[in-house]
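Dear colleague,

I am handing over the structure below, and after it you will find what was found in it. Please keep it open while you read.

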Amino acid sequence: MSLEARLAADGGIRGWAARIGRSWNSSLRFRTTATAVSLTAIAVLVSFVVMSFVIQNYLFTSRYEQVSSDARRASEAAQELLNRADLAGGRSTLFSTLQTMNQDLIERSASEQGAMLRIDTDVPVDNVWQDRRWGDLDTAIITADMRAQVEDKPEGMWWQSTQIMQDGQPVAAIIFGRQLDLPEYGAYALYLVYDLSAASQTLGFLQLMLWIAGLLLLVVVGLISWFVVRQVAAPVAQTALTSARFAGGDLGVRVDVRGDDEIAALGRSFNAMADSLESQIKELADLSLVQQRFVSDVSHELRTPLTTIKLAADMLNMQRDEFDPVTARSAELLQTQVERFEVLLTDLLEISRYDAGSVQLELEATSIAQLAEDCIQGMEQLAQQRGSDLRLVAPGGYSPIDIDPRRIRRIVRNLLGNAIEHGEGRPIVVTVDSDQHVVALGVRDYGIGMTPEDAERVFDRFWRADPSRKRTIGGSGLGLSIALGDAKLHHGTLEVWSRPGEGTNFVLVLPRDGETLSTVSPVPLEPSDAGAALEQLGITQPILVAGLNNSAAKKRTAQEESS
């Protein structure tokens, strides 16, 4: 067989094995039927082997008893004939008697092959009857052990199993042997051969019938198992399909219940559960709708007085130099809190749109690397106030992809704001890279970090890792939750890695085609420098990206060179 043929055969075998494995895992009917048929096959095979041995032993025993009786009767008749014979007439009388005995053996016994072999070789050859064989018996099949037993023990009858040729085919047979005493002329060994072809044919026929009956039994058991399992599996499959539709949002679907058995009880229980869940889901949906409407209405209603308050706060803040220090500080705090309140109100409106499912993307071909650079330039002054140095590393991400730039820019600004807030004045590295399927952006800080428990809740609304920690930049507590929602709108992901004392790394992954998301991000979630000391990171100087107009980095470099 050629290599291609072997590979094709191996592929076909693996394909069949895979299909059987899938059927075994996914189909209760197939699994139950296969199990029943397999166990039945094992039982049939064991029964066949046992019955074959029993039948074979019975047929052999029956045939042995039959031919043993026949051989004993024929040999005793031959010995009696020899005992009655008058051998005084000389050689002619001896030969006539032996000829008569030989013919009588052939007629009396059912053996078709036999032999009389001279034992006493001391008597002169001219005075005795020589070895006689009939039926084309090959005396070589008589073993030396049997010859010795017949020659040494004249009173017994001995036998052995053997094979003889019959019509060119080997046939099982039995050889019986005993010693005949010829007065004054010595002893002869009589061997009678009985074939067992009839027993073998009977055994073969019975084995064939057993095989046929076993195969029919397997077919019948398989059909019965398939039918019985179908009676159980069909309602269960219907219930599973109904539950899947129910889980998919079709709350009005129910199981068709028939009868009063256990399956019907299961169906009625499922329907009762579905009724209860549908009622509760509708109540929760109505409550959620009321809450969403309330938040939306309150947010909209607050905009008008907030605008008025903001105008008044701005005017007071512009004239704070004319006030006394306490009043001036109050005017400054008022404007700060009004601005924060405006951000919170904007985020609440955005959250209400997400909850209502009314968010629409405005797609535009945008370079993520260029967008990241713009965001870094916009946040650079704030980072410098906190003592952090923003760095950009962009091996990829230059080719435009269809995104909503306003929402992606909001994600990046939120991540940068969190990094500046918690970066402890240390460098912040923004990494942009891509492959043929996705574009990824990572924001890495080396600040206080978070525990794994805190990292799991970092996208929850209004959640803070350390409630006692003062916000220095502001924010509503909804930024990361909105960022996660914006990422999901683009069929992307936003994940976080963090360790206490080692910093935090957020990674945003966006599909190029807007739908298919690769399982491997070109920007790893766990940074390669995790666990390294800050001075070992090799980022003490600004990073210039080839091919990217990183004007902020160039400006910093020029300042450092002039100083």
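**The core and two helices**

The largest nonpolar core has 40 residues, and those with the most contacts inside it are I368, I408 and L416. A nonpolar core here is a set of buried Ala, Val, Leu, Ile, Met, Phe, Trp, Tyr and Cys residues joined through side-chain atoms within 4.5 Å, where buried means under 20% relative accessible area, with a 1.4 Å probe and protein chains only. Helix 8 gives this core its largest share, eight residues; helices are DSSP runs of H or I with at least four residues, numbered from the N terminus.

Please bear in mind that this is a predicted model, in which local features need pLDDT of at least 70 and side-chain atom pairs count only at pLDDT 80 or more, whereas totals for chains, interfaces and linings use all residues. Residues are numbered from 1 along each chain as its sequence is written, and side-chain values use heavy atoms, with hydrogens and water left out.

Leaving aside its neighbours within four places in sequence, I368 is in contact (heavy atoms within 4.5 Å) with residues including I401, I408, V439 and L510.

Helix 8 (residues 368-385) packs against helix 9 (residues 405-422) at an angle of about 40 degrees, their axes, which are lines fitted to C-alpha atoms over the stretch in contact, being 10 Å apart. Among the residues that make this contact are I368 and L371 of helix 8, and I408 and L416 of helix 9.

Over the chain, buried residues make up 37% of the 563 residues.

Best wishes

Methods
Axes fitted to C-alpha atoms, helices over the stretch in contact; angles between N-to-C directions. Helix = DSSP H or I, 4+ residues; strand = E, 2+ residues; numbered from the N terminus. Buried < 20%, exposed > 50% of the residue type's maximum accessible area, 1.4 Å probe, protein only.
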